[in-house]
Amino acid sequence: MVSGKIGPVVYYQLRGKQYVRTVQNRKKNSWSPQQKLHRQRFSKVIQLWKQLKSTHIAPIWKLATQEMNGYIYFMKINMPAFGPDGTLTNPRELQLSTGKLRLPLDLTASRQAAGSSVVEVSWKNDANLKKVRLQDELMMVSYANGVYSVLSPTGLERSAQSGSFTLPV
C-alpha cells in the first residue's frame, strides 16, 4: 500500500483501509478570525488529551470505537464542552471515559465547606449492575486555573454509593 505525500495528495492507511486526501494549501496568515478561534478551541481539547493519554483513559477511548482512533473520538465527543476561545464552558458535557457501562445514577459532588479541598460524593447503583462492577473505583480529575490534574484514584468503590476524597493541591 502507498503511504505519504505525492504531489498535491496524501495517501495514508487507517485500520487496514487505504485513504487519499488533498494537501491543505493554506497559510497561517490567511486564517479568518473564526478559524483562529476554532484552532484555539481545538488546541485546548488537545491539551486535555495530552494530560490524560498516559492514564487509563486512552485505552478506554481506543476500545470505544472501530470507525476512528481513540484520540479522534475523544476530540469529537469533548469539543462541545469548550467555548470558541477554548475555555471550558460546559463542564457537564466533558466526558473523560466512554463505553457500555452506565455511569452511576444521581451522581452528586460538592465541597465539604466553602474553600475546602475535601469533596463529598454520592450516587445510586443500577439494580441490574453485575456484582463485579461494584468493585469499580471512582477516579477523578480536577480543573483549576486552566489546568487539569492527573487522573487520580479516590479510594471509593462503586459499592459504597458515597464517600469523600481530597482534591490535589
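Start at strand E4 (105-111), which gives the largest share of the lining of the largest pocket, 5 residues. The model is predicted, so treat each stop as a feature of a computed structure.

**Stop 1: the pocket**

Keep E4 selected and add H2, strand E5 (118-124), strand E6 (137-140) and strand E9 (152-157); each of these elements, E4 included, supplies at least two residues of the lining of the largest pocket. The volume of this pocket is about 2100 Å³. To centre the view, select Leu96, Ser97, Leu103, Leu107 and Met139, which lie nearest the centre of the pocket among its 43 lining residues. Colour the lining by class next: 26 residues are nonpolar, 8 are polar and 9 are charged.

**Stop 2: helix H2**

Now isolate H2, which spans 57-64. Which residues of H2 are buried? Ile57, Ala58 and Trp61 are. They sit on the same side of H2, because the arc they cover around the axis is only 100 degrees. Turn to the other side of H2, where Lys62 and Leu63 are exposed. Show H1 and H3 as well, since both are included in what covers the buried residues of H2.

Then pick Ile57 alone. Apart from neighbours within four places in sequence, Ile57 is in contact with Trp49, Leu52, Leu96 and Leu151. Leu96 was already on screen as one of the residues nearest the centre of the largest pocket.

**Stop 3: the nonpolar cores**

Select Val45, Leu48, Trp49, Ile57, Trp61, Phe74 and Phe82: within the largest nonpolar core, which has 18 residues, these touch the most other members. Helix H1 (33-52), helix H2 (57-64) and helix H3 (70-78) each contribute at least two residues to this core, and H1 provides the largest share, 5 residues. A second core, separate from this one, has 7 residues, including Val121, Met140, Leu156 and Phe165. As background, nonpolar side chains tend to be buried together in soluble globular proteins.

**Stop 4: Ser149**

Finish in the loop between strand E8 (147-148) and E9, where Ser149 is placed. Is Ser149 buried or exposed? Ser149 is buried, because its relative accessible area is 13%, under the 20% cut-off. Show the atoms around Ser149: leaving out neighbours within four places in sequence, Ser149 is in contact with Leu52, Val141, Ser142 and Pro168. Leu52 also appeared at the second stop, in contact with Ile57.

Definitions and conventions: Residues numbered from 1 in each chain as written. Predicted model: local features only at pLDDT ≥ 70, side-chain atom pairs only at ≥ 80, totals over all residues. Heavy atoms only, no water. Core = buried A, V, L, I, M, F, W, Y, C linked by side-chain atoms within 4.5 Å. Buried < 20%, exposed > 50% of the residue type's maximum accessible area, 1.4 Å probe, protein only. Helix = DSSP H or I, 4+ residues; strand = E, 2+ residues; numbered from the N terminus. Contact = heavy atoms within 4.5 Å. 1 Å grid on protein atoms, 1.4 Å probe; cavity = no way out; pocket = protein on both sides within 12 Å on 5 of 7 lines; lining within 4 Å. Points joined across faces, edges and corners; volume = space filled by probe spheres on them. Nonpolar A, V, L, I, M, F, W, Y, C, P; charged D, E, K, R; others polar. Arc of directions from axis to C-beta.
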